[in-house]
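Let's take a walk through this structure together, one element at a time. Have a look at the sequence and the fold first, and then we can start with a single pair of residues.

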Amino acid sequence: MSAGAPRSLASSGQKSIQDICHPLSAEESALNPGSAADTGLILPNGTPVDTSSPASSSSLLNRLQLDDDLDGETRDLFVTVEDPKKHVSTMETYITYRVCTKTTRTEFDLPEYSVRRRYQDFDWLRNKLEESQPTHLIPPLPEKFVMKGVVDRFSEEFVETRRKALDKFLKRVADHPVLSFNEHFNAFLSAKDLNKRQGLALLTKMGESVKYVTGGYKLRARPAEFAAMGDYLDLFTQKMGTIDRIAQRIIKEQSEFLMELREYGPVYSSWSSFEEDLHDPLEGVSGCVSNCSSALEELTEDMSEDFLPVLREYVLYIESMKVPSDVEKCQDRVECFNADLKADWDRWENNKRQDFRQLLTGMANKNIQHYEKCLAAWESLVPLLQDKQEAEGETS
Amino acid sequence: VQDCILLKKMEISVAEAEKRTGKNAVNMQETYTVYLIEMRPVDAASEGTNPVPDSLWRRYSEFELLRNYLLVTYPFLVVPPLPEKRAEFVWHKLSADNMDPDFVERRRVGLENFLLRVASHPDLSTDKIFYSFLTEENGWKETVFETGFQAKADSRLKALNATFRVKNPDKRFAEMKHYGDELQSVISQLLRVRARAADRLYGVYKVHGNYGRVFSEWSAIEKEMGDGLQSAGHHMDAYAASVDDILEEEEHYADQMKEYLFYADALRAVCRKHELTQYELEMAAQDLTSKKQQREELATGTIRTFSLKGVTSKLFGQETPEQREAKLKMLETQIEEGEELVKERNAECEEFVKSAWVDIERFKEQKDHDLREALISYAIMQISMCKKGIQVWNNAKECFSKM
């Protein structure tokens, strides 16, 4: 998306369903030639196209137009969530986050914005997006409710985990070719004060019902491939659950191992206290064990704070994709909804692949770093021990 | 001439272990393990000839008998210890069963180590009973009993278990005994914690094997990600499996530590025996002093020491000069004998101290050297473990990057 080029797909709230164009993004399929084949579309260069859906032909055009917008370097909207701060008032205590925006889009009045938002505001945004973009998958937010007394809502760890999740949420919206042009998103990023309080309660209620009405379409009208999607999601959730449990188990075992190490190192130290020649070697071993303990502690913390939350988020994401309903379906709307869903599905698949590649690579890196720290400690000890040996050999 | 250390001439090894069944002392059927001891001249290898080694089978109880004999015969030496009788400091995967093949194997190594230690000791290696242990399969037990060491053993054992106080404890030996106590305590703790840590480490590695399974299942429902996940899963399986070798090597380190745990006991035994020797000297000296005092009183007619004879003579009348003369004569003999005894015991004590201290110094050097070596090899083990870990995770990372 080069600066200034009009994006014909801009969607701004309540439009007639027929007017909403299929937002198949060239970006996605260019990065992901495989998924293009999956959606059944073919570009002139040979990949198949499904022309039965009325939306898809215009989208083909869009795809060709947007062919040059390939990599993230031509993005024109950057959003970050940072700087959490605690606010204490007579009524309540809560955390706000700074939301920084940099953009060249003409939809925005200024090139830069910096506003403070609290979780409620993010929740409002998400509801608005679901309302106004019912055919799209809206990224999930981190969990709203935390049990007081169980989790400390103001602890550094919790706040940081939440910040990361909120940051991810906004980035996903900002990267979405349709959602990022949503007027509520614009307001969220730019307005000094989100003037929502009056209508909030009413809107939320309305939002809920709309969600039920439209959400029902998401996976209700199911041709075979959507049934497959549902099945996949179930299995995927299952696997994520298993991985979560395994990761937790590993953390637990590592913590217990750490406990023993913390007792083990000092034994060498107390031994060294009544030895002469062996004093230094024993102290050295004690030091090494201590270094390894610290390294292990870091690994365990990293896995707890970085790995597990991201994993859990995916499960949440999937929960938000499966909306139960018993609403009558409207047949002629179905195909359009399905096409949107398909596009978002592909985007989701691609993101998922990248996210998991990153997540698992991160896990591997953390483990490598842990071992490298331990290796360095032990390697530095050996020559010390052997030097002394040689010195002894010379003097004896 | 058997003055030179045995090990310089002969290669000794405990080559094999075998299960046997037979009738024991109470005529009941039992299963036990025997170990094959082999001896061949050192030169044989260099000469190029390969003669059949002298070999015989011994069971653990015979090793114990040998060691007990050495303990009694050389109380001033730090006698090398045997590998443990029962498996201790066991963590869950390790078996506490004496018949377990891993235990038997580690015991075989321990017994070989024991023989090598004895064979390389300047004094122990020249012992005839030790030599016949290595060369005469049959009749060796009888030979040992014929030395009459058991009688000495019984009385010394009784004395060692009794509590006694030495008036002028030798500072050096007291310090050594204290050192032995501390060494025993700290190594016990080390082995205990290490075993627990080994258990936990086992758990950490093995749980990663679950990743292997779930990645495999997950890869089945994925398209592009499938291959990468599947391969990564295999590496996780390899990681989980690698812990078995790691912990087996660590068990060897534990055995090295155990040897010195038991050595600490041997050291304390020497100090205890020295105390006993000193005590016996003090007793003999005390007895002599009291006898001399009695003689003085008898000679001068003054009673300073309480004696039953003195009281009875007071009660039943003075003794005749002939009686007194007889008594004096007896005392003189006793005093003469007593002085001889004190001289003997004194010489014994001095000899003990001299020999013991030489061996303790030798032991100290050996201990410092061996334990340093053990720590170095432990560090090298840890390094190897870390490198393996880095390799596996790098492999997995490569698979992930291809997802």
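Which residue in β3(A) is the bridge partner of A:V99? It is A:V115. Keep in mind as you look that this is a predicted model. The pair belongs to the pairing of β2(A) with strand β3 of chain A, residues 112–118, which is antiparallel and runs over 7 bridges.

Now follow β2(A) to its other partner. Strand β1 of chain A covers residues 77–88 and strand β2 of chain A covers residues 93–103; these two pair in the antiparallel sense over 10 bridges. Together β1(A) and β2(A) make a hairpin, with 4 residues between the strands. Two pairs help you find the register: A:V79 has A:T101 in β2(A) as its bridge partner, and A:T80 stands opposite A:C100 in β2(A).

Staying in chain A, turn to the helices. Helix α4 of chain A (residues 119–132) and helix α6 of chain A (residues 183–190) have axes that come within 9 Å and cross at roughly 165°. Angles over 145 degrees count as roughly antiparallel, and α4(A) and α6(A) are therefore roughly antiparallel to each other. Their crossing is left-handed. On the α4(A) side, the contact involves A:D121, A:F122, A:W124, A:L125, A:K128 and A:S132, and these meet A:H184, A:F185 and A:F188 in α6(A). Sorted by character, the residues of this contact are 5 nonpolar, 2 polar and 2 charged.

Let's move on to chain B, starting with its overall make-up. Its secondary structure comprises 11 helices and 3 strands. Read from the N terminus, the elements follow the order α-β-β-α-β-α-α-α-α-α-α-α-α-α. Of the 403 residues in chain B, 45% are buried. If you consider contacts in chain B between residues at least 6 apart in sequence, 76% of them join residues at least 24 apart.

How are the 3 strands of chain B arranged? They form an open sheet in the order β1-β2-β3, with antiparallel pairing. At the edges sit β1 (10–23) and β3 (54–59) of chain B, each of which pairs on one side only. From one strand to the next, the twist averages 25°. Strand β2 of chain B, residues 29–41, pairs with β3(B) over 6 bridges in the antiparallel sense. Here B:M39 is found opposite B:D54 in β3(B). A helix joins the picture too: α3 of chain B (residues 60–73) lies across β2 and β3 of chain B and runs at about 95° to β3(B).

The last stop is another helix pair. The axes of helix α4 of chain B (residues 101–119) and helix α9 of chain B (residues 226–300) come within 12 Å and cross at roughly 45°. That angle makes α4(B) oblique to α9(B). In this case the crossing is right-handed. From α4(B), the contact is made by B:R106, B:N113 and B:R117, while α9(B) brings B:E251, B:D255, B:K258, B:E259, B:Y260 and B:Y263. What is the character of the residues in the contact of α4(B) with α9(B)? They divide into 2 nonpolar, 1 polar and 6 charged.

Terms used. Residues are numbered from 1 along each chain as its sequence is written. Chains are lettered from A and ligands numbered from 1 in the order in which they are written. This is a predicted model: local features need pLDDT of at least 70, side-chain atom pairs count only at pLDDT 80 or more; totals for chains, interfaces and linings use all residues. Side-chain values use heavy atoms; hydrogens and water are left out. Two strands pair if DSSP finds at least two bridges between them. Axes are lines fitted to C-alpha atoms, for helices over the stretch in contact, and angles run from 0 to 180 degrees between N-to-C directions. Contact means heavy atoms within 4.5 Å. Angles under 35 degrees count as roughly parallel, over 145 as roughly antiparallel, 65 to 115 as roughly perpendicular and the rest as oblique. A crossing is left-handed if the near helix is turned anticlockwise from the far one by less than a right angle, and right-handed if clockwise. Ala, Val, Leu, Ile, Met, Phe, Trp, Tyr, Cys and Pro count as nonpolar, Asp, Glu, Lys and Arg as charged, and the others, Gly among them, as polar. Buried means under 20% relative accessible area, exposed over 50%, partly exposed in between (1.4 Å probe, protein chains only).
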